[in-house]
Amino acid sequence: MKTAVTLTGHERALYARQMRLPEVGEGGQVNIKNAKVLLIGAGGLGSPAALYLVAAGVGTIGIADPDKVDLSNLHRQIIHGFDTLGLPKTISAAESLKELNPGAEIILHPEGLTAENALELVSRYDVVVDGADNFATRFLAADACVLAKKPLVHGSVLRGEGQVGTFLPNHGCYRCVYPTIPDASSVPTCSEAGVLGATCGVIGSWMAAETLAILLKQRQQSQMFVINVAEGRSQKISIAQDSHCPVCGKSPQISEIRAENYQSSVCETPHLNMKESPLEISVTEAHQQLSSAQPPVLIDVRETDEHAIGHVAQARLIPLADIPNQLANIPQNRPVLIICHHGGRSMRATQFLRSKGYVLATNIKGGIDAWSLQVDPQIPRY
Ligand SMILES: [Zn+2]
């Protein structure tokens, strides 16, 4: 996008209510329009941050996120929806952002922020907004910003509490506050801790506000806010550059990005390493899996009257026609086996679930009929 010096009449109308603020005005709105913001993570924090930044008129937004939209994301990651389940988060987010502000340029980085691309990626933007859900990416973003001399807006959330940090070049960085990556075992993971979507909304929106403050040249110092949403308290912490800081101090140990320094896996969502299950398995394999210490979820997609004739004990009955309405009750991050009478309906259900991102959904070949013949003759055939 070319550097703009003025606004169009359409833009003046679109942003009239925020341009009325003395700190914005026409000049501030032009700055916002010319800004390039890199968003790391289109998740719980990235969703509200991206929506508010694009709505405010940020001209170029880059989205770096390697994940796909999962059902368990939707309660807090409001940029995504049921219609984009299973899609890359970059694509899903871009769809929402384009709808909100068709004038914005959205650049997708579906590879996410990596040690290999961090410096180059960060260098292409004016401000970096980090809503990553793991410490490895958080420290990577923070170090890359110091090395590339870019301002960083950091956000994180744990249970009812969150933090928003604004780190300006030469005014104290994330490592001035947190010198080293915490040990994975010392910090609860996101999935263990749990979080309300609205808490992410507060922190993510606050991150957007800090980003706009930087673009409007309203920030001269690094600072951090600790916000206890659950108890309704917040505290501002001024940050000064620490001369002993490992990356921005007087004799820094970190002067380049090396992959081995960003290995922590805290808060990484389990489905990142999720391998696809086979599309179909035999009744004997299914029986083995169901008898194991960590059995898969078993869903019977037959009708109620068929189920009444006989069924596998742990099966949950969800007739085929109800599957699309019951996605909220089918876990996406656990293996799911599907059974019907002969294997036809269950294959349709499996393929439908696969199309919605359920890479761990597997059909049971031959259905309950084969089960009765090969596993449990007590189940009557019909
Ligand atoms: Zn520092």
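## Exercises on a predicted chain

The chain carries 32 positive and 36 negative side chains, and the centres of these two sets are 6 Å apart. The model is a predicted one. The exercises below begin with the whole chain and then turn to single elements and residues.

**Exercise 1.** State how many helices and strands the chain has, and what share of its residues is buried.

*Solution.* Step 1: the secondary structure consists of 14 helices and 13 strands. Step 2: of the 382 residues in the chain, 52% are buried. Step 3: the C-alpha atoms occupy a box of roughly 75 × 50 × 40 Å along the principal axes. Step 4: the accessible surface is about 17800 Å², and carbon and sulfur atoms account for 52% of that surface. Step 5: when contacts between residues at least 6 apart in sequence are considered, 69% of them join residues at least 24 apart.

**Exercise 2.** Determine which residues of the largest nonpolar core touch the most other members, and which element supplies the largest share of this core.

*Solution.* Step 1: the core has 41 residues, and those touching the most other members are Val37, Leu53, Val58, Leu97 and Val129. Step 2: at least two residues of this core come from each of H3, strand E1 (36-40), helix H4 (46-55), strand E2 (60-64), helix H5 (89-100), strand E4 (127-130), helix H10 (197-215) and E7. Step 3: H10 provides the largest share, with 7 residues. Step 4: take Val58 as an example; leaving out residues up to four places away in sequence, Val58 touches Ile32, Ala35, Val37, Leu53, Ala104, Leu212 and Leu215. Step 5: another core, of 33 residues, lies apart from this one, and its members include Ala118, Val122, Ala144 and Tyr174.

**Exercise 3.** Decide whether Gln29 is buried or exposed, and describe its surroundings.

*Solution.* Step 1: Gln29 is located in helix H3 (residues 25-34). Step 2: the relative accessible area of Gln29 is 0%, which is under the 20% limit, so Gln29 is buried. Step 3: the other buried residues of H3 are Gly25, Gly28, Val30, Ile32 and Lys33. Step 4: the buried residues of H3 pack against helix H1 (9-14), helix H2 (16-19) and H10. Step 5: beyond its neighbours within four places in sequence, Gln29 contacts Leu7, Tyr15, Gln18, Met19, Val24, Ala56 and Gly57. Step 6: with Gln18 there is a polar contact between the two side chains, at 2.8 Å.

**Exercise 4.** Classify Val229 by its accessibility, and name its contacts.

*Solution.* Step 1: Val229 belongs to the loop between strand E7 (222-228) and strand E8 (233-239). Step 2: its relative accessibility is 27%; this value is neither under 20% nor over 50%, and Val229 therefore counts as partly exposed. Step 3: apart from neighbours within four places in sequence, Val229 contacts Gly160, Thr199, Val202 and Ile203. Step 4: Arg159 is 70 residues from Val229 along the chain, and their C-alpha atoms are 9.3 Å apart.

**Exercise 5.** Explain what is notable about the phi angles of Asn170 and Lys217, and locate both residues.

*Solution.* Step 1: most residues other than glycine have a negative phi. Step 2: Asn170, although not a glycine, has a positive phi of about 70 degrees. Step 3: Lys217, also not a glycine, has a positive phi of about 60 degrees. Step 4: Asn170 lies in the loop between strand E6 (161-167) and helix H8 (174-177), whereas Lys217 lies in the loop between H10 and E7. Step 5: Asn170 counts as exposed because its relative accessibility is 57%. Step 6: Lys217 counts as exposed because its relative accessibility is 61%.

Conventions. Residues are numbered from 1 along each chain as its sequence is written. This is a predicted model: local features need pLDDT of at least 70, side-chain atom pairs count only at pLDDT 80 or more; totals for chains, interfaces and linings use all residues. Side-chain values use heavy atoms; hydrogens and water are left out. Helices (H or I, at least four residues) and strands (E, at least two) are DSSP runs, numbered from the N terminus. Buried means under 20% relative accessible area, exposed over 50%, partly exposed in between (1.4 Å probe, protein chains only). A polar contact is a pair of N or O atoms within 3.5 Å; within protein, one must be able to donate a hydrogen and the other to accept it, and residues adjacent in sequence count only if both atoms are side-chain atoms. Contact means heavy atoms within 4.5 Å. A nonpolar core is a set of buried Ala, Val, Leu, Ile, Met, Phe, Trp, Tyr and Cys residues joined through side-chain atoms within 4.5 Å. Accessible areas come from the Shrake-Rupley method with a 1.4 Å probe; for residues, only the protein chains shown count as cover. Lys and Arg count as positive and Asp and Glu as negative; His and the chain ends are not counted. The place of a charge is taken as NZ of Lys, CZ of Arg, CG of Asp or CD of Glu.
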